[in-house]
Amino acid sequence: MSAPGGRGRGAEPGAAAGAAAGAEPEMPATEKDLAEDAPWKRIQQNTFTRWCNEHLKCVQKRVGNLQTDLGDGLRLIALLEVLSQKQMGRKYNARPTFRQMQLENVSVALEFLERENIKLVSIDSKAIVDGNLKLILGLIWTLILHYSISMPMWDEEDEEEAKRQTPKQRLLGWIQNRLPQLPITNFSKDWQSGRALGALVDSCAPGLCPDWDSWDPSRPVDNAREAMQQADEWLGIPQVITPEEIVDPNVDEHSVMTYLSQFPKAKLKPGAPLRPKLNPKKARAYGPGEGGGDTPKTPGTPKFG
């Protein structure tokens with residue numbers, strides 16, 4: 001399994017193979033990118049932790065530190081049971097106080113993934129117990145790909161075509177079909193103004209962010225916050241990434257994909273504040289004037305977050 005490292009700019013797994021075939025990568029990895037505290041790594045760890053917790057909350061469990069909290073195997077087993085809707089099928093140590101018990105628990109979880117035909121490369125129980133963050137992030141990314149992007153069939157999707165595509169192609173294709181008016185080609189810079197998020201929210205629920213195209217691109221965090229708050233409240237899409245992170249130039253594609261993969265199954269809740277698109281040239285608000293009649297007022301302007 002490829003490690004999830006990959007900034008949005010050309011570090012997708014397989015980039016090395018593409019380069020060997022003569023394709024020039026967009027941006028080589030630099031020492032800054034590979035550093036343990038590289039911004040994309042922090043964003044990825046934050047996003048993957050929130051994704052885990054969204055699933056674990058239904059069994060009253062929580063991950064505080066992704067590097068250490070999966071080490072006894074209990075939260076990893078719980079996460080897999082929630083995601084798969086299956087039981088482990090093997091006994092494990094409910095109170096793994098010793099290292100050997102922890103190794104046995106993680107082995108139970110990894111063997112379960114093998115039975116689910118989820119392939120793992122270079123990940124063993126020792127890596128998880130010892131807190132190898134790179135491999136732990138790789139494990140979580142594999143779970144996201146399998147359970148959030150690859151498995152569910154989405155509306156308006158051709159099953160045969162979906163099988164032929166990579167998870168990334170599949171999600172990008174779904175978004176492109178929803179947003180034909182926008183040139184979305186990636187999961188990094190095309191989302192940095194926040195406007196594409198507004199467009200996606202409004203495509204899922206017309207009237208939820210109707211004025212996204214008039215949002216000020218110089219206020220990306222405000223734009224992203226408005227779209228993501230509406231998506232959270234009315235479409236049930238948790239903010240596994242923050243507005244500040246998703247518009248960060250250092251965001252990695254995997255974090256953005258993790259968030260956006262929640263949209264295909266979004267359902268609008270009753271009572272959503274849907275509103276018509278504002279046309280600044282025609283919009284007029286009327287109210288009582290000084291002489292008792294109605295006098296035009298200045299049209300309202302879109303609100304950001």
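This passage describes the nonpolar core, selected helices and several individual residues of a predicted model.

The largest nonpolar core of the model comprises 75 residues, among which Ile 140, Trp 191, Tyr 259 and Leu 260 touch the most other members. The greatest contribution to this core comes from helix α7, spanning residues 133-150, which supplies eleven residues. Both domain 1 (39-150) and domain 2 (159-279) are represented in the core, each with at least three residues. When residues up to four places away in sequence are left out of the count, Ile 140 touches Phe 48, Trp 51, Cys 52, Leu 66, Leu 70 and Leu 79. Of these partners, Cys 52 has a relative accessibility of 0% and therefore counts as buried.

A second cysteine, Cys 204, has a relative accessible area of 22%, and is therefore classed as partly exposed, since the buried class is limited to values under 20%. With a disulfide requiring a pair of cysteine sulfur atoms within 2.5 Å, the count of disulfides in the model comes to zero.

Helix α10, which covers residues 195-204, contains Asp 202. This aspartate is buried, because its relative accessible area of 14% falls under the 20% limit. The side chain of Asp 202 is engaged with backbone nitrogens of two residues: a polar atom of this side chain lies 3.2 Å from the backbone nitrogen of Leu 208, and the side chain also reaches the backbone nitrogen of Cys 209 at 3.0 Å. With neighbours within four places in sequence set aside, the contacts of Asp 202 are Gly 207, Leu 208, Cys 209, Pro 210 and Trp 212, so that the two residues whose backbone nitrogens are approached, Leu 208 and Cys 209, also appear in the contact list, for which heavy atoms within 4.5 Å are required.

Helix α9, formed by the twelve residues 167-178, reaches 17 Å from its first C-alpha to its last, a span close to the 16 Å expected at 1.5 Å a residue. The buried residues of α9 are Arg 170, Leu 171, Leu 172, Gly 173, Trp 174 and Ile 175. In helix α3, which runs over residues 39-56, attention may be drawn to Asn 46. The relative accessible area of Asn 46 is 33%, and this residue is therefore partly exposed, a class lying between the 20% and 50% limits. Apart from residues up to four places away in sequence, Asn 46 touches Val 240 and Glu 245. The C-alpha atom of Asn 46 is separated by 9.9 Å from that of Gly 64, a residue 18 positions apart from Asn 46 along the chain.

Backbone geometry was also examined in the loops. Most residues other than glycine have a negative phi. Gln 85, by contrast, has a positive phi near 60°, and is placed in the loop between α4 (74-84) and α5 (99-115). With a relative accessible area of 67%, Gln 85 is exposed, because this value is over the 50% limit. A positive phi, near 70°, is likewise found for Ser 122, which is located in the loop between α5 and α6 (125-129). Ser 122 is also exposed, because its relative accessible area of 58% is over 50%.

Notes. Residues are numbered from 1 along each chain as its sequence is written. This is a predicted model: local features need pLDDT of at least 70, side-chain atom pairs count only at pLDDT 80 or more; totals for chains, interfaces and linings use all residues. Side-chain values use heavy atoms; hydrogens and water are left out. A nonpolar core is a set of buried Ala, Val, Leu, Ile, Met, Phe, Trp, Tyr and Cys residues joined through side-chain atoms within 4.5 Å. Buried means under 20% relative accessible area, exposed over 50%, partly exposed in between (1.4 Å probe, protein chains only). Helices (H or I, at least four residues) and strands (E, at least two) are DSSP runs, numbered from the N terminus. Domain bounds come from an automatic or database domain assignment. A polar contact is a pair of N or O atoms within 3.5 Å; within protein, one must be able to donate a hydrogen and the other to accept it, and residues adjacent in sequence count only if both atoms are side-chain atoms. The expected span of a helix is 1.5 Å times one less than its number of residues.
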